[in-house]
Amino acid sequence: MSPVENKSIEVFAARLEPAGTRFDAPADVPLLQAALRAGIELPSSCRNGTCRTCMCRLLEGRIAYRIEWPGLSLEEKQEGLILPCVAYPASSVVIELLRR
Ligand code: FES
């Protein structure tokens, strides 16, 4: 087994409001993909952080982006809005679907 395969990935707990649905959120998987793996459908389209279809609010916890500037303004980020298709969990998280 290579050192990369040996590395253990932290798995956080995620909860999706308002339904309160829980799913496992590995640190190396975007939240949208982790939800899909658990059979939870979230709105999505581009899955690369530009279309904003997946936008949710982060109620608790921390996330990190691996792309330079996901399609959110600084103000939106400060309001807690996130793009789950490119947001990796950095702790256990609670996210909320936005009303559309
Ligand atoms: S699906 Fe397009 S920004 Fe997330």
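**Exercise 1. List the residues that I95 touches, leaving out those up to four places away in sequence.**

Solution. Take contact to mean heavy atoms within 4.5 Å. With residues up to four places away in sequence set aside, I95 touches R15, L16 and E17, then L31, then C56, R57, L58 and L59, and finally I82. The model is a predicted one, in which local features need pLDDT of at least 70 and side-chain atom pairs count only at pLDDT 80 or more, whereas totals for chains, interfaces and linings use all residues. Residues are numbered from 1 along each chain as its sequence is written, and side-chain values use heavy atoms, with hydrogens and water left out.

**Exercise 2. Identify which members of the largest nonpolar core touch the most other members, and which elements supply the core.**

Solution. Begin with the terms: a nonpolar core is a set of buried Ala, Val, Leu, Ile, Met, Phe, Trp, Tyr and Cys residues joined through side-chain atoms within 4.5 Å, where buried means under 20% relative accessible area, exposed over 50%, and partly exposed in between (1.4 Å probe, protein chains only). The largest such core has 24 residues, and those touching the most other members are L16, F23, L31, I82, L83, V93 and I95. Next, turn to the elements, which are DSSP runs numbered from the N terminus (helices: H or I, at least four residues; strands: E, at least two). At least two residues of this core come from each of β1 (11-17), β2 (21-26), α2 (31-37), β3 (56-60), β5 (81-82) and β7 (93-97). Helix α2 gives the largest share, four residues. As general background, nonpolar side chains in soluble globular proteins tend to be buried together.

**Exercise 3. Find the three salt bridges of the structure and describe the partners of each.**

Solution. The criterion is a side-chain nitrogen of Lys or Arg within 4 Å of a carboxyl oxygen of Asp or Glu, and three salt bridges are present.

- Step 1. R15 and E17 meet through their side chains at 2.6 Å, N to O; E17 is buried at a relative accessible area of 18%, while R15, at 24%, is partly exposed.
- Step 2. R52 and E76 form a salt bridge whose closest N and O atoms are 2.7 Å apart. Because R52 lies in the loop between α2 and β3 and E76 in helix α3 (residues 74-78), this pair ties together parts that are 24 residues apart in sequence. R52 counts as partly exposed, with 29% relative accessibility, and E76 as buried, with 16%. Besides R52, E76 touches G71 and L81, not counting residues up to four places away in sequence.
- Step 3. R57 and E96 form a salt bridge in which the closest N and O atoms are 3.9 Å apart. This pair links distant parts of the chain, since R57 is in strand β3 and E96 in strand β7, 39 residues apart. Both partners count as partly exposed, R57 at 26% relative accessibility and E96 at 27%.

**Exercise 4. Locate I9 and state what it touches beyond four places in sequence.**

Solution. I9 lies in the loop between α1 (3-6) and β1, and its relative accessible area of 36% makes I9 partly exposed. Leaving out residues up to four places away in sequence, I9 touches P26, A27 and D28. For I9 and P26, the separation is 17 residues in sequence and 6.6 Å in space, C-alpha to C-alpha.
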